[in-house]
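Work through the exercises below with the sequence and the 3D view side by side. Each task is followed by a solution that goes step by step.

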Amino acid sequence: MPRPATAKQGILIFNERSYPFYLLLSKYLFFINYIVQLTKNFHLDEFVRSQTARRKGIVNTPDAGHIENLRTLCVSLLQPLRNSCGKPLYITSGYRCPELNAAVGGSSSSDHLKGKAADIGTDNPLALLAWVLRLNLSFDQAIVYPRFLHLSYRDEVSNRKQVLYSR
(Lines give C-alpha, C1' and ligand atoms only; values in the text may rest on other atoms or scores of the structure.)
Protein backbone atom coordinates (compact mmCIF):
# COMPACT_ATOMS: atom_id res chain seq x y z
CA MET A 1 0.00 0.00 0.00
CA PRO A 2 1.44 3.42 -0.92
CA ARG A 3 2.38 5.87 1.79
CA PRO A 4 -0.24 8.63 1.88
CA ALA A 5 2.22 11.46 2.41
CA THR A 6 5.60 12.42 3.70
CA ALA A 7 6.18 14.93 6.48
CA LYS A 8 8.53 17.81 5.77
CA GLN A 9 8.77 20.48 8.44
CA GLY A 10 5.25 19.62 9.64
CA ILE A 11 3.77 20.00 6.15
CA LEU A 12 2.17 17.10 4.31
CA ILE A 13 3.52 16.60 0.82
CA PHE A 14 1.68 14.20 -1.43
CA ASN A 15 3.12 12.14 -4.24
CA GLU A 16 1.47 10.72 -7.35
CA ARG A 17 0.53 7.46 -5.63
CA SER A 18 -1.09 9.21 -2.66
CA TYR A 19 -3.08 11.65 -4.81
CA PRO A 20 -6.49 9.99 -4.07
CA PHE A 21 -5.86 10.55 -0.36
CA TYR A 22 -4.96 14.18 -1.12
CA LEU A 23 -8.23 14.66 -3.04
CA LEU A 24 -10.26 13.27 -0.15
CA LEU A 25 -8.42 15.43 2.38
CA SER A 26 -8.72 18.55 0.21
CA LYS A 27 -12.51 18.06 -0.14
CA TYR A 28 -12.82 17.71 3.63
CA LEU A 29 -10.68 20.81 4.24
CA PHE A 30 -12.65 22.73 1.61
CA PHE A 31 -15.89 21.96 3.45
CA ILE A 32 -14.43 22.96 6.84
CA ASN A 33 -12.82 26.11 5.41
CA TYR A 34 -16.00 27.10 3.59
CA ILE A 35 -18.09 27.07 6.73
CA VAL A 36 -15.60 29.20 8.70
CA GLN A 37 -17.02 32.67 8.14
CA LEU A 38 -14.54 35.45 8.85
CA THR A 39 -16.96 38.34 8.25
CA LYS A 40 -20.29 38.87 6.51
CA ASN A 41 -18.81 38.47 3.01
CA PHE A 42 -15.61 36.50 3.55
CA HIS A 43 -15.05 32.80 4.26
CA LEU A 44 -11.77 31.15 5.18
CA ASP A 45 -11.79 29.10 1.97
CA GLU A 46 -11.20 32.24 -0.10
CA PHE A 47 -7.91 32.80 1.72
CA VAL A 48 -6.49 29.27 1.60
CA ARG A 49 -7.41 27.90 -1.82
CA SER A 50 -4.58 27.76 -4.29
CA GLN A 51 -4.20 26.19 -7.71
CA THR A 52 -0.46 25.89 -7.08
CA ALA A 53 -1.08 24.03 -3.81
CA ARG A 54 -3.53 21.69 -5.51
CA ARG A 55 -1.21 21.04 -8.43
CA LYS A 56 1.78 20.36 -6.15
CA GLY A 57 -0.15 18.46 -3.47
CA ILE A 58 0.51 21.03 -0.73
CA VAL A 59 -2.02 21.19 2.12
CA ASN A 60 -2.33 24.92 2.84
CA THR A 61 -4.02 24.88 6.25
CA PRO A 62 -3.68 27.81 8.66
CA ASP A 63 -3.54 27.39 12.43
CA ALA A 64 -5.80 29.24 14.88
CA GLY A 65 -3.44 32.24 15.06
CA HIS A 66 -3.38 32.61 11.28
CA ILE A 67 -7.19 32.40 11.17
CA GLU A 68 -7.46 35.12 13.80
CA ASN A 69 -5.07 37.31 11.74
CA LEU A 70 -7.22 36.72 8.65
CA ARG A 71 -10.33 37.67 10.62
CA THR A 72 -8.63 40.90 11.77
CA LEU A 73 -7.60 41.64 8.16
CA CYS A 74 -11.20 41.17 7.04
CA VAL A 75 -12.87 43.06 9.91
CA SER A 76 -10.49 46.02 9.80
CA LEU A 77 -9.75 46.39 6.09
CA LEU A 78 -11.42 44.08 3.57
CA GLN A 79 -15.02 44.10 4.82
CA PRO A 80 -15.18 47.91 5.11
CA LEU A 81 -13.72 48.12 1.60
CA ARG A 82 -16.26 45.58 0.31
CA ASN A 83 -19.12 47.45 2.01
CA SER A 84 -18.08 50.75 0.44
CA CYS A 85 -17.44 49.36 -3.06
CA GLY A 86 -20.73 47.49 -3.05
CA LYS A 87 -19.13 44.73 -5.14
CA PRO A 88 -17.50 41.42 -4.25
CA LEU A 89 -13.73 41.40 -3.84
CA TYR A 90 -11.99 38.44 -5.47
CA ILE A 91 -9.19 37.10 -3.26
CA THR A 92 -6.47 35.60 -5.45
CA SER A 93 -4.07 34.83 -2.60
CA GLY A 94 -4.39 34.96 1.18
CA TYR A 95 -2.74 32.70 3.73
CA ARG A 96 0.26 30.71 2.46
CA CYS A 97 2.04 27.96 4.36
CA PRO A 98 5.84 28.10 3.98
CA GLU A 99 5.85 25.34 1.32
CA LEU A 100 3.25 27.16 -0.81
CA ASN A 101 4.95 30.52 -0.32
CA ALA A 102 8.21 29.02 -1.64
CA ALA A 103 6.38 27.37 -4.54
CA VAL A 104 4.93 30.70 -5.71
CA GLY A 105 8.20 32.58 -5.20
CA GLY A 106 6.96 34.64 -2.24
CA SER A 107 9.24 36.58 0.07
CA SER A 108 10.42 34.72 3.17
CA SER A 109 9.11 37.64 5.25
CA SER A 110 5.74 37.84 3.46
CA ASP A 111 2.70 38.77 5.53
CA HIS A 112 0.88 36.02 3.62
CA LEU A 113 2.78 33.54 5.85
CA LYS A 114 1.13 35.07 8.92
CA GLY A 115 -2.38 35.46 7.48
CA LYS A 116 -1.98 39.23 7.47
CA ALA A 117 -2.20 39.88 3.71
CA ALA A 118 -4.46 39.28 0.75
CA ASP A 119 -4.16 39.88 -2.97
CA ILE A 120 -7.34 41.17 -4.58
CA GLY A 121 -7.79 40.46 -8.27
CA THR A 122 -9.02 43.42 -10.28
CA ASP A 123 -8.76 44.94 -13.75
CA ASN A 124 -8.01 48.30 -12.16
CA PRO A 125 -5.85 48.02 -9.02
CA LEU A 126 -5.30 51.80 -8.94
CA ALA A 127 -9.04 52.42 -8.65
CA LEU A 128 -9.24 49.91 -5.79
CA LEU A 129 -6.31 51.62 -4.07
CA ALA A 130 -8.13 54.96 -4.49
CA TRP A 131 -11.12 53.46 -2.59
CA VAL A 132 -8.83 52.35 0.25
CA LEU A 133 -7.23 55.79 0.48
CA ARG A 134 -10.52 57.69 0.14
CA LEU A 135 -12.00 55.65 3.01
CA ASN A 136 -8.87 56.34 5.08
CA LEU A 137 -8.66 52.64 5.95
CA SER A 138 -5.70 51.56 8.03
CA PHE A 139 -3.30 49.19 6.25
CA ASP A 140 0.34 48.25 6.44
CA GLN A 141 1.18 47.89 2.75
CA ALA A 142 -0.69 48.36 -0.50
CA ILE A 143 1.28 47.08 -3.48
CA VAL A 144 -0.13 47.78 -6.92
CA TYR A 145 0.41 45.04 -9.51
CA PRO A 146 -0.97 45.02 -13.08
CA ARG A 147 -3.85 42.60 -12.26
CA PHE A 148 -4.22 42.75 -8.47
CA LEU A 149 -3.78 44.86 -5.36
CA HIS A 150 -1.85 43.40 -2.41
CA LEU A 151 -3.16 44.65 0.95
CA SER A 152 -1.70 43.82 4.35
CA TYR A 153 -2.85 44.69 7.84
CA ARG A 154 -0.78 44.29 11.01
CA ASP A 155 -2.52 46.38 13.69
CA GLU A 156 -3.65 49.97 14.17
CA VAL A 157 -0.42 50.95 15.92
CA SER A 158 2.18 49.49 13.54
CA ASN A 159 0.42 49.89 10.16
CA ARG A 160 2.63 52.06 7.93
CA LYS A 161 0.16 52.96 5.14
CA GLN A 162 2.98 52.27 2.69
CA VAL A 163 2.01 52.35 -1.00
CA LEU A 164 4.32 50.60 -3.44
CA TYR A 165 4.14 49.92 -7.18
CA SER A 166 5.43 46.74 -8.79
CA ARG A 167 7.78 46.95 -11.74
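**Exercise 1. Find out which classes of residue line the largest pocket, and where they come from.**

Solution. By class, 10 nonpolar, 15 polar and seven charged residues make up the lining of the largest pocket in this predicted model. The space inside this pocket comes to about 640 Å³. Among its 32 lining residues, those closest to the centre are Ser-93, Arg-96, Val-104, His-112 and Asp-119. The next step is to assign the lining to secondary structure: two or more residues each are given by helix 2 (45–48), helix 3 (51–56), strand 5 (90–93), strand 7 (141–144) and strand 8 (148–152). Of these, strand 5 supplies the largest share, with four residues.

**Exercise 2. Describe the overall make-up of the protein: how many helices and strands does it have, and what share of its residues is buried?**

Solution. Begin with the secondary structure, which consists of six helices and nine strands. Then turn to burial, where 43% of the 167 residues count as buried. Last, consider the contacts with a separation of 6 or more, of which 58% are between residues 24 or more positions apart.

**Exercise 3. Decide how the rings of Tyr-145 and Phe-148 are arranged, and whether each residue is buried or partly exposed.**

Solution. A pair of aromatic rings is described by the distance of the centres and the angle of the planes. The protein has two aromatic pairs by the rule applied here. In the pair formed by Tyr-145 and Phe-148, the ring centres are 4.3 Å apart and the planes meet at 15°. Planes under 30 degrees apart count as stacked, so Tyr-145 and Phe-148 form a stacked pair. For the accessibility, recall that partly exposed residues fall between 20% and 50%; Tyr-145, at 28%, is therefore partly exposed, and Phe-148, at 24%, is partly exposed as well. A ring can also have a charge over its face, and here Arg-134 lies over the face of Trp-131, 4.6 Å from the ring centre.

**Exercise 4. Compare the settings of Thr-39 and Lys-40: in which element or loop does each lie, and is each buried or exposed?**

Solution. Thr-39 belongs to strand 3, while Lys-40 is placed in the loop between strand 3 (37–39) and strand 4 (42–43). The relative accessibility of Thr-39 is 11%, which is under 20%, so Thr-39 counts as buried. For Lys-40 the value is 68%, which is over 50%, so Lys-40 counts as exposed. Now look for partners further along the chain: leaving aside neighbours within four places in sequence, Thr-39 is in contact with Cys-74, Val-75 and Gln-79. Lys-40 and Asn-83, 43 residues apart in sequence, are 9.8 Å apart in space, C-alpha to C-alpha.

**Exercise 5. Examine the phi angles of Asn-136 and Lys-161, and state where each residue lies.**

Solution. Most residues other than glycine have a negative phi. Asn-136, however, has a positive phi, near 55°, and phi of Lys-161 is positive too, near 55°. As for their places, Asn-136 is in the loop between helix 6 (125–134) and strand 7, and Lys-161 is in the loop between strand 8 and strand 9 (162–165). In the final step, Asn-136 is classed as exposed because its relative accessibility is 54%, whereas Lys-161 is partly exposed, with a relative accessible area of 35%.

Key:
Residues numbered from 1 in each chain as written. Predicted model: local features only at pLDDT ≥ 70, side-chain atom pairs only at ≥ 80, totals over all residues. Heavy atoms only, no water. 1 Å grid on protein atoms, 1.4 Å probe; cavity = no way out; pocket = protein on both sides within 12 Å on 5 of 7 lines; lining within 4 Å. Points joined across faces, edges and corners; volume = space filled by probe spheres on them. Nonpolar A, V, L, I, M, F, W, Y, C, P; charged D, E, K, R; others polar. Phe/Tyr/Trp six-rings, centres within 6.5 Å; stacked < 30°, edge-to-face > 60°. Buried < 20%, exposed > 50% of the residue type's maximum accessible area, 1.4 Å probe, protein only. Lys NZ or Arg CZ within 6 Å of the ring centre and 35° of its normal. Contact = heavy atoms within 4.5 Å.
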